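Here are some friendly notes to read alongside the structure. Keep the 3D view open and find each residue as you go.

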Amino acid sequence: MFNIVEFLKQAVSIGASDVHLHVGDHPAVRRDGRIIKIDMPVLSEHEITDICRELAPLHLKNDILSLLDVDFSYEIKGISRFRVNVSRQLAQYAVVIRTIPYPIKKIPELHLPDAINQFTEMENGLVLVTGPTGSGKSTTLASMLDHINTNQQKHIITIEDPVEFIFQNKKSIVSQRQLLVDTPTFADGIKYALRQDPDIIFIGEIRDRETMASALKAAETGHLVFATIHTNNAIQTVNRIINMYTPADRPFVRSQLSEILRGTISQKLVPLAKGVGRRPACEILVVTSTIKDFIEKNELEQIYDLVKKGSFNQMLTLNMSLFEMLQQGLITEDAALTASSNRNELQQMIRGVYHGTRG
């Protein structure tokens with residue numbers, strides 16, 4: 001029989017970021033962004049249901065096989081924490097497990113731009129970390145929150161589904177709440193967090209308009225709000241937020257967002273040229289008075305041109321980040337072009353046609 005605990009231990013030992021378990025297929029892991037099938041027997045339906053029952057937390061033990069989609073956390077003491085997703089496909093269960101290491105790495109250890117530090121010093125407003133699934137958003141935010149926890153005397157409330165990184169109180173107090181265990185919804189969690197004397201609220205993911213409205217209200221009332229959202233860049237992020245609302249409400253939301261948004265961090269993980277591992281390429285947007293005007297007037301395309309001009313407020317485009325990594329020999333040209341959302345511009349930079357500098 002398949003031993004899920006031993007398999008997870010092995011996955012952690014080889015640096016896998018995810019585990020994939022499907023009925024009728026070999027167990028698989030994702031390492032450095034690539035899916036690797038493991039030379040083990042294919043998994044039976046019975047084995048998958050046993051895995052679901054074994055991993056499920058106490059409050060889901062009796063219901064796990066009646067749910068269609070569910071997320072929860074799991075822990076192997078001394079090894080790692082895990083985020084587990086159980087779903088159904090073609091009427092059979094599938095399990096995807098994300099590894100969440102115990103140590104929370106510091107911002108420099110993650111090779112993130114120094115510009116990210118400025119967001120941890122802000123007193124209020126909304127900061128969004130964006131990117132596709134598996135791009136390291138949660139790891140980046142955990143690092144930022146732990147930096148605040150280490151250096152500032154704050155009350156930090158996290159609302160997650162499920163709780164991923166576990167924080168130990170340092171200079172700050174960190175209260176961690178999990179959906180369906182400690183609070184029913186993100187919106188409810190934010191609503192009641194405002195009555196719990198917070199300085200900083202972290203929202204695991206903004207998925208809908210109700211959560212977005214609650215996040216905006218929290219930021220508007222003087223709190224610093226961090227959140228993730230599944231978008232690829234700053235312009236797409238602003239558009240996604242605005243388009244959550246009806247056309248009649250959008251002018252007001254643009255005005256509200258222009259006053260509240262402090263910045264966005266968009267990232268992708270790019271495989272290193274030598275050895276194993278990946279490195280984040282980032283787009284950093286810091287909302288200035290000029291960018292406020294662009295958001296309010298719905299002139300979003302001009303934001304990218306402003307960021308591209310250089311190191312103003314330590315802003316950075318994804319292509320500038322990729323180009324710098326390429327110049328340092330960290331990544332290959334193919335990897336850079338694959339990660340780029342504007343390949344033509346990056347090719348011009350590589351050929352020397354682009355004459356802008358990063359200061």
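1. Let's begin with one charged pair. Glu 75 and Arg 81 form a salt bridge, and their closest N and O atoms are 3.9 Å apart. Please keep in mind that this is a predicted model. A salt bridge is counted here when the nitrogen and oxygen are within 4 Å, so the 3.9 Å of this pair falls inside the cut-off.

2. Now look at how open each partner is. Glu 75 is partly exposed, with a relative accessibility of 29%, whereas Arg 81 is buried at 9%. The cut-off for buried is under 20%. The pair also has company: Glu 75, Lys 77 and Arg 81 belong to one network, joined by salt bridges that share partners.

3. Why can such pairs form? Side chains of opposite charge can pair when their charged atoms come close. In the whole structure there are 14 salt bridges, and two others are worth finding on your screen.

4. Try Arg 98 and Asp 18, whose side chains meet in a salt bridge at 2.5 Å, N to O. Arg 98 belongs to strand 6 (residues 92-100) and Asp 18 to strand 1 (residues 18-22), so this pair ties together parts that are 80 residues apart in sequence. Are these two residues buried or exposed? Arg 98 is buried, with a relative accessible area of 18%, and Asp 18 is buried too, with 6%.

5. Next comes the salt bridge between the side chains of Asp 25 and Lys 37, at 3.2 Å from N to O. Asp 25 sits in the loop between strand 1 and strand 2 (28-31), while Lys 37 is in strand 3 (residues 34-37), so the pair links parts that are 12 residues apart in sequence. Asp 25 is partly exposed at 23% relative accessibility, and Lys 37 is partly exposed with a relative accessible area of 48%.

6. Let's move on to a pair of strands. Strand 12 (residues 261-271) pairs with strand 13 in the antiparallel sense, over 9 bridges. To see the pairing for yourself, find Leu 269, which stands opposite Pro 280 in strand 13.

7. Follow the chain through this hairpin. There are 6 residues between strand 12 and strand 13, and in this hairpin Gly 275 takes a positive phi near 75°.

8. Finally, how many of the residues of strand 13 are buried? In strand 13 (residues 278-286), 8 of the 9 residues are buried, so the strand is largely enclosed by the rest of the structure.

Note on methods: Residues are numbered from 1 along each chain as its sequence is written. This is a predicted model: local features need pLDDT of at least 70, side-chain atom pairs count only at pLDDT 80 or more; totals for chains, interfaces and linings use all residues. Side-chain values use heavy atoms; hydrogens and water are left out. Buried means under 20% relative accessible area, exposed over 50%, partly exposed in between (1.4 Å probe, protein chains only). Helices (H or I, at least four residues) and strands (E, at least two) are DSSP runs, numbered from the N terminus. Two strands pair if DSSP finds at least two bridges between them.
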